[in-house]
Amino acid sequence: MLTEKLQIGYPTGTNVIRIEPHPWDVMLRHALDNYPRECCGIMLGTLQDGDERTVTTAIACRNSYEGDQSDRFELDPKDQLAAQRLAREQKLEVLGFFHSHPDCDSYFSATDLANSWPWYSNVVISIVGGVLNQAKAFRANETQTESTEEILTWPQS
């Protein structure tokens, strides 16, 4: 197992996304297995008070981008439909998406912003030299002109 302990201790009333151990393992393993290409996936879970999200399920998806996948991803529409179906079946919400940034930091690029869905969380996992470097989460505004960083807690590897 890749996880040992959780980060805790964040202020209330802020945008928070917490990833439970099993989905974090899925996300991290997918990012590591796809390195040096970008991976992508979908996060399912629960909403509390509109500002706090808990990821209970992560779905590793196929990067269907047909160009250079070292700095670009595209979710396979079939994977998106399957994730929506699973969320309904398990009475969960689609909370957002995750992808990796090989050999660079976790940031929300102009391409990420332009292709994002407003109000959904976007976790960016930085893998440098085949090792986890950092992870951050972002939420785009409704016009996809800017994003705000969310407080992200995940199991430490």
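# A guided tour: helices, barrel and rings

Start by selecting helix H2: its 13 residues reach 19 Å from the first C-alpha to the last, close to the 18 Å expected at 1.5 Å a residue. Keep in mind throughout that this is a predicted model.

**Stop 1: the two sides of H2**

With H2 still selected, show its side chains. Which residues of H2 are buried? They are Gln-80, Ala-83 and Ala-87. Now turn the view to look down the axis of H2: these buried residues fall within an arc of 65 degrees, so they line one face of the helix. On the other side, pick out Lys-78, Leu-81, Arg-88 and Glu-89, which are exposed. To see what the buried residues of H2 pack against, add strands S3, S4 and S5 to the selection.

**Stop 2: from S3 to S5**

Next, select S3 (residues 40-48) and S5 (residues 93-102). These two strands run antiparallel and are joined by six bridges. Two places are good to click on: Ile-42 has Phe-97 as its bridge partner in S5, and Cys-40 stands opposite His-99, also in S5. H2 packs on this sheet, where it touches S3, S4 and S5, and its direction makes about 25 degrees with that of S3.

**Stop 3: from S3 to S4, and on to S2**

Keep S3 and bring in S4 (residues 52-61). Here the pairing is antiparallel again, over nine bridges. Look at Ile-42 once more: in S4 it stands opposite Ile-59. Further along, Leu-47 stands opposite Arg-53 of S4.

How much of S4 is buried? Seven of its 10 residues are, so S4 is largely enclosed by the rest of the structure. Now add S2 (residues 16-19). S2 and S4 run parallel and are joined by four bridges; one contact to find is Ile-19, whose bridge partner in S4 is Val-55.

**Stop 4: the whole barrel**

Zoom out and colour the strands. Seven of them close into a barrel in the order S2-S4-S3-S5-S6-S7-S8, with mixed pairing. Neighbouring strands of this sheet are turned by 35 degrees against each other on average, direction ignored.

**Stop 5: helix H1**

Select H1 (residues 21-34). What does H1 lie across? The list is S2, S3, S4, S5, S6 (residues 121-128) and S7 (residues 131-140), and H1 runs at about 40 degrees to S4.

**Stop 6: the aromatic rings**

Finally, show the rings of Phe, Tyr and Trp. The count comes to five aromatic pairs. One of them is Trp-24 with Trp-154, a tilted pair at 5.6 Å centre to centre with 35 degrees between the planes. Trp-24 lies in H1 and Trp-154 in the loop between S8 (147-153) and S9 (155-156), so the pair ties together parts that are 130 residues apart in sequence. Both Trp-24 and Trp-154 are buried.

Then move to Trp-117 and Tyr-120. Their ring centres are 5.6 Å apart and their planes stand at 70 degrees, so this pair is edge-to-face. Are these two rings' residues buried or partly exposed? Trp-117 is partly exposed, with a relative accessible area of 37%, and Tyr-120 also counts as partly exposed, at 27% relative accessibility.

For a last selection, add Phe-97, the residue you met as the partner of Ile-42. Ring pairs link Phe-97, Trp-117 and Tyr-120 into a cluster.

Definitions and conventions. Residues are numbered from 1 along each chain as its sequence is written. This is a predicted model: local features need pLDDT of at least 70, side-chain atom pairs count only at pLDDT 80 or more; totals for chains, interfaces and linings use all residues. Side-chain values use heavy atoms; hydrogens and water are left out. Two strands pair if DSSP finds at least two bridges between them. Axes are lines fitted to C-alpha atoms, for helices over the stretch in contact, and angles run from 0 to 180 degrees between N-to-C directions. Contact means heavy atoms within 4.5 Å. Rings of Phe, Tyr and Trp (its six-membered ring) pair if their centres lie within 6.5 Å; planes under 30 degrees apart count as stacked, over 60 as edge-to-face and the rest as tilted. Buried means under 20% relative accessible area, exposed over 50%, partly exposed in between (1.4 Å probe, protein chains only). The expected span of a helix is 1.5 Å times one less than its number of residues. The arc is that of the directions from the helix axis to the C-beta atoms.
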